[in-house]
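Please look over the sequence and the coordinates before reading on; the report below takes up a few side chains and their surroundings.

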Amino acid sequence: MKSAMVRKEFYMDKNIRTHLDNIRSEDPQEQNKAYYSLMKKTEKPVDWADEAWDEIVEGFTHKDNHVRAICGQLLSNLAKSDSKGKIFKDFDKLLNVTKDEHFVTARHTMQNLWKVGVAGKKQQKLYMDGMEKRFKECVKEKNCALIRYDILVSMRNVYNEVKDEAIKEKVLVLIETESDL
């Protein structure tokens, strides 16, 4: 007798759904409440990441820079919950948020990006390659020194979590390329 395989489906609860909707709220209090709640919930893996992923990625190009910042930070948090490897398709889009016209949006995203680098070995490589590329290309940007500082701090956060000496070596190589003391 064959046993039927039952695939477990996860659906986010109404509270999560409401917070995801409120990320795009025009009411700053609702938007902030949604942000803090979702960031707290995604400190640990969640079962609704795949369900929310695409709409969060869509938020990277929203007209409101707060939405873009929230979505950048939230997707970084969700990397540990990415059971389908969507980060490999969407990482360049996430990295692009670190070039946002509103520097605070770019910076908030950059400061949370390290969480992708600790989501797994393949994610770590994706992250490190992205950070190295970003470090090199930001040389022509207005806030280059601050961007580079944030990149190095981000990489340090990954190193502190995974203790991979290759990360430390890469950081030292990048620091050596910096001419601004």
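Does E161 count as buried or exposed?

## E161 and its surroundings

In this predicted model, E161 counts as exposed because its relative accessibility is 53%, and the cut-off for that class is over 50%. The residue is found in helix α9, and, leaving aside residues up to four places away in sequence, E161 touches W114 and V118.

Between E161 and K84 there are 23 Å in space, C-alpha to C-alpha, for a spacing of 77 residues in sequence.

## The largest nonpolar core

The largest nonpolar core has 47 residues, among which L20, I23, L113 and Y127 touch the most other members. Helix α9, which spans residues 144–162, gives this core its largest share, namely seven residues.

When residues up to four places away in sequence are not counted, the contacts of L113 are S76, F91, L94, L95, T98, Y127, M131 and S154, and one of these, Y127, is itself named with L113 among the core residues that touch the most other members.

## Aromatic rings

The structure holds one aromatic pair, formed by Y35 and Y36 in an edge-to-face arrangement, with 4.9 Å from centre to centre and 70° between the planes. The two partners fall into opposite classes of accessibility, so that Y35 counts as buried at 17%, whereas Y36 counts as exposed at 57%.

A further ring, that of F135, has the charged end of R148 sitting over it, at 4.2 Å from the ring centre.

Notes: Residues numbered from 1 in each chain as written. Predicted model: local features only at pLDDT ≥ 70, side-chain atom pairs only at ≥ 80, totals over all residues. Heavy atoms only, no water. Core = buried A, V, L, I, M, F, W, Y, C linked by side-chain atoms within 4.5 Å. Buried < 20%, exposed > 50% of the residue type's maximum accessible area, 1.4 Å probe, protein only. Helix = DSSP H or I, 4+ residues; strand = E, 2+ residues; numbered from the N terminus. Contact = heavy atoms within 4.5 Å. Phe/Tyr/Trp six-rings, centres within 6.5 Å; stacked < 30°, edge-to-face > 60°. Lys NZ or Arg CZ within 6 Å of the ring centre and 35° of its normal.
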